[in-house]
Amino acid sequence: KEWIIHNFPDPDGFDRIPEIYEDNIWTYGNIELHFSGQELFMIFSDYLHDLDGGDSLALNKWFLEVPNISFEQALAALNQAHIDYQKTTKCYGGEIVVRLQLQSGVQLSFHLEQQEEESYSDFEKRCRNTSQNFYRLGSFCLK
């Protein structure tokens, strides 16, 4: 935390509530820095449709600038930039998630959303039978 305070702009709300320093999550817009004690252990956002660094951080969004980016579009951007990644597909609490673990350690998670009136069993079948190119980027994190 000390290093971030001295090398980054203040997190959102720090000027009004200096006690924020003691919080386990600091935000810069909708980007979250997660701490365990004084140690940063994760940077996370699941607001990719409207990614924002708040008043303090200017972002170079690169391919995240594309709204509702598909798995296929993300792969094309990564391949064009010669960025290595490892792909995994897992089921988490009924949702199938495709993850790309980038060489840098960043994880990109892609999801297929359940339709409002779709039963769980129908959703599960659709997940198994749907091309991963229909999955959309839902979050990124760096641990």
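## Aromatic pairs

Two rings of Phe, Tyr or Trp, the six-membered ring being used for Trp, count as a pair if their centres lie within 6.5 Å, and such a pair is called stacked when the planes are under 30 degrees apart, edge-to-face when they are over 60, and tilted otherwise. In this structure, which is a predicted model, there are five aromatic pairs. One of them joins Trp 62 and Phe 63, whose ring centres are 4.8 Å apart and whose planes meet at 70°, so the arrangement is edge-to-face. The two partners differ in their burial: Trp 62 is partly exposed, with a relative accessible area of 45%, whereas Phe 63, at 9% relative accessibility, counts as buried.

Another pair is made by Phe 71 and Phe 110, with 5.1 Å between the ring centres and 90° between the planes, so this pair too is edge-to-face. Because Phe 71 belongs to helix α2 (residues 71-80) and Phe 110 to strand β6 (residues 106-111), the pair ties together parts that are 39 residues apart in sequence. Both rings belong to buried residues, since the relative accessible area of Phe 71 is 4% and that of Phe 110 is 0%, and buried means under 20%.

## An aromatic cluster and a lysine

Tyr 21, Trp 26 and Phe 35 together form one aromatic cluster. The charged end of Lys 1 sits over rings of this cluster: the distance to the centre of the Tyr 21 ring is 5.7 Å, and the distance to the centre of the Phe 35 ring is 5.2 Å.

## Overall architecture

The protein contains three helices and seven strands, and, read from the N terminus on, these elements follow the order α-β-β-β-α-β-β-β-α-β. Taken along the principal axes, the C-alpha atoms fill a box of roughly 50 × 35 × 25 Å.

Of the 143 residues in the protein, 37% are buried. Among the contacts with a separation of 6 or more, 42% are made by residues 24 or more positions apart. On a local scale, Arg 99, which lies in strand β5 (residues 95-102), has its C-alpha 4.5 Å from that of Ser 109, although the two residues are ten apart in sequence. Arg 99 is partly exposed, with a relative accessible area of 25%.

## The largest pocket

The largest pocket holds about 430 Å³ of space. It is lined by 16 residues, and those closest to its centre are Leu 51, Asn 60, Leu 64, Val 106 and Phe 140. The elements that give two or more residues to this lining are β6 and β7 (136-142), the former being the strand in which Phe 110 lies.

What is the division of this lining into nonpolar, polar and charged residues? There are 14 nonpolar residues, one polar residue and one charged residue in the lining of the largest pocket.

## The second largest pocket

In the second largest pocket there is about 200 Å³ of space. Its lining is made of 13 residues, of which Leu 48, His 49, Asn 68, Leu 137 and Gly 138 lie nearest the centre. Strand β7 gives the most to this lining, with three residues, and β7 is also one of the elements that give two or more residues to the lining of the largest pocket. By type, the lining of the second largest pocket divides into five nonpolar, four polar and four charged residues.

## Positive phi in the loop before α2

Most residues other than glycine have a negative phi. Trp 62, the partly exposed residue that pairs with Phe 63, has instead a positive phi of about 50°, although it is not a glycine. Its place is in the loop between β3 (39-45) and α2.

Asn 68 is placed in the loop between β3 and α2 as well, and its phi is near 55°, again a positive value in a residue other than glycine. Is Asn 68 buried or exposed? At 51% relative accessibility, Asn 68 counts as exposed, because the cut-off for that class is over 50%. Asn 68 is also one of the residues that lie nearest the centre of the second largest pocket.

How values were computed:
Residues are numbered from 1 along each chain as its sequence is written. This is a predicted model: local features need pLDDT of at least 70, side-chain atom pairs count only at pLDDT 80 or more; totals for chains, interfaces and linings use all residues. Side-chain values use heavy atoms; hydrogens and water are left out. Buried means under 20% relative accessible area, exposed over 50%, partly exposed in between (1.4 Å probe, protein chains only). Helices (H or I, at least four residues) and strands (E, at least two) are DSSP runs, numbered from the N terminus. A charge sits over a ring if NZ of Lys or CZ of Arg is within 6 Å of the ring centre and within 35 degrees of the ring normal. On a 1 Å grid over the protein atoms alone, a cavity is a set of points where a 1.4 Å probe fits but cannot get out, and a pocket is an open set with protein on both sides within 12 Å along at least five of seven lines; lining residues have an atom within 4 Å of a point. Grid points are joined across faces, edges and corners, and a volume is the space filled by probe spheres set on the points. Ala, Val, Leu, Ile, Met, Phe, Trp, Tyr, Cys and Pro count as nonpolar, Asp, Glu, Lys and Arg as charged, and the others, Gly among them, as polar. Contact means heavy atoms within 4.5 Å.
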